[in-house]
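Here are a few notes to help you find your way around this one. Have the sequence and the model open side by side as you read.

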Amino acid sequence: MSTAGRAGARWGLLAALAAGLLASPVLAADRPSLADLGLKGEALFKSFTYFANTPNDNQQVVNEGVLQLEWSHRLGAWGSTKIVGRARDDDVGFTRELTFQIPETSQRRSYLDLREATLSARGGPIDVTLGKQIFAWGTADAFNPTDNLNPYDYLDVLDNEKLGIWSAAARASHGATSLTFVAVPFFTPSRLPLFKSRWTPVVPPAFRAVADDPVRPEQDASATQYAARLKSTFAGVDASLSYYDGFRHTLAFRQSALAIAPGVTLPRLTPVYTREKVPGADVSTTLGRFEIHAEAAARFVESNGRDDVLQTIGGINYTQDVGWKWLDQVVVILEYARETSLRRVDSRIVRTEGTPVVGDLLSDRAFRNAPIGRIQAKLTEDTSVKLSGVADLTVTPSYYLQLKATHRITDALQAEAGLDFLTGRPETFWGRWGDNDRFFLVLRYLF
């Protein structure tokens, strides 16, 4: 086993041991409960087994261990604080060194990570929260056009996660209505796949261009991002209006020409981040066993963007209680997402369609013309099976399918296992990762 492999395996063992000690009944009499201390935690082990090598990566088994601890404390009637910290390691190189950054711009994860850290104060109808925060806006299941505040960690494109942002949020509430305002003084980019990773598309041999380093926004007042959301419930309908003025967290590419000799030029690609204004809205309601939802956002480019676009998604959730011995409940979700170009803004920004190496490879680019489906069967109180799928029909069809089974072994221990399948031509969104079909196993221990 490689040094990295031994480190990943060692960390998975240490995480399991830590969780076991914390839960040990032998020690229970010698310590107060974690809940008494305002603590709760999670030990997580993930293993991914890929069915093929890729030109960039021949490691077919990837293991990761995560130990997360959350501490919350009520300071009085006026406020509270919360800190969520993590220790993690893996055997593929996603995690390196110890770093603490504001904003977080490292290409790899840190062994120790502050996921969230907030101080909240309240007075009357006003709540104010300061610190590193994670927000979740929108009503759709697969994709939320109005959810723009947080960047993502895309080191594993399928097993991605939100990154916290240092921000200030204020919320005023009256009955079923609330108004939230968020200010983000620092720009945090999404963490993209590593260059020598199976999640980075291979550059075709015929491709010739000069690539610059990414141009990030200056960390001054001009990089401040803002968002607001007005949310209310009336006549059984949940609805909200939102607005975001800030950056996209994934790259766009500006093309120019570089003269390398008299009469000889090469394309020059400069990675940039699009600044945009995004008004949006979402709505959801229930009709019997059906939940109906819709969400939309218009993206108007301020700088470094190719097109103004309208993104929409809508769908239904259907829940049926069965009550059979081998099948307790079935949930079906059907959605459709669409992106419509409204106006060309800057033709120097490279089109993403049809190119496997440049453009906005992640995030919402999978939902430009996408039917989405999910069916979940709850077999017992402890066991469920879920089949999810999405198709990108923008160029030629490409697909992502996931089959996952979840079983609760005890109240604290849960296991997940499943398969990820990606298929399509190499220039399509999902097809570019067609060699990444895999089996996964996740063990989660809560304490």
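1. A word on labels before anything else: strands (E) are DSSP runs of at least two residues, numbered from the N terminus. Keep in mind too that this is a predicted model. With that settled, Ile-126 is an easy place to begin, sitting in strand E5, which covers residues 126-133.

2. Is Ile-126 buried or exposed? Neither, really: its relative accessibility is 37%, and partly exposed is the class between under 20% and over 50%, so Ile-126 counts as partly exposed. Leaving aside residues up to four places away in sequence, Ile-126 touches Ala-121, Arg-171 and Ala-172. You can also look across to Leu-179, which is 53 residues away along the chain, with 9.6 Å between the two C-alpha atoms.

3. Now for the rings. How many aromatic pairs does the structure hold? The count is 14. One of them is Trp-199 with Trp-433: the ring centres are 5.9 Å apart and the planes meet at 65 degrees, which is over the 60 needed, so this pair is edge-to-face.

4. Where do those two tryptophans come from in the chain? Trp-199 is in the loop between strand E9 (177-184) and strand E10 (210-211), while Trp-433 is in the loop between strand E22 (413-423) and strand E23 (438-446). That makes it a link between distant parts of the chain, 234 residues apart. Both partners are tucked away: Trp-199 is buried at 2% relative accessibility, and Trp-433 is buried with a relative accessible area of 1%.

5. Another pair to look at is Phe-290 with Tyr-318. Their ring centres are 4.8 Å apart and their planes are at 45 degrees, so the pair is tilted. Phe-290 belongs to strand E16 (residues 290-303) and Tyr-318 to strand E17 (residues 307-321), with 28 residues separating them. Phe-290 is partly exposed at 36% relative accessibility, and Tyr-318 is partly exposed at 26%.

6. Back to the tryptophans for a moment. Trp-199 and Trp-433 belong to one aromatic cluster together with Tyr-400, Phe-429 and Trp-430. Trp-433 has a charged visitor as well, since Arg-432 lies over its face, 5.8 Å from the ring centre.

7. A final spot to check is Phe-247. Which residue lies over its face? Look for Arg-275, placed 4.7 Å from the centre of the Phe-247 ring.

Methods. Residues numbered from 1 in each chain as written. Predicted model: local features only at pLDDT ≥ 70, side-chain atom pairs only at ≥ 80, totals over all residues. Heavy atoms only, no water. Phe/Tyr/Trp six-rings, centres within 6.5 Å; stacked < 30°, edge-to-face > 60°. Helix = DSSP H or I, 4+ residues; strand = E, 2+ residues; numbered from the N terminus. Buried < 20%, exposed > 50% of the residue type's maximum accessible area, 1.4 Å probe, protein only. Lys NZ or Arg CZ within 6 Å of the ring centre and 35° of its normal. Contact = heavy atoms within 4.5 Å.
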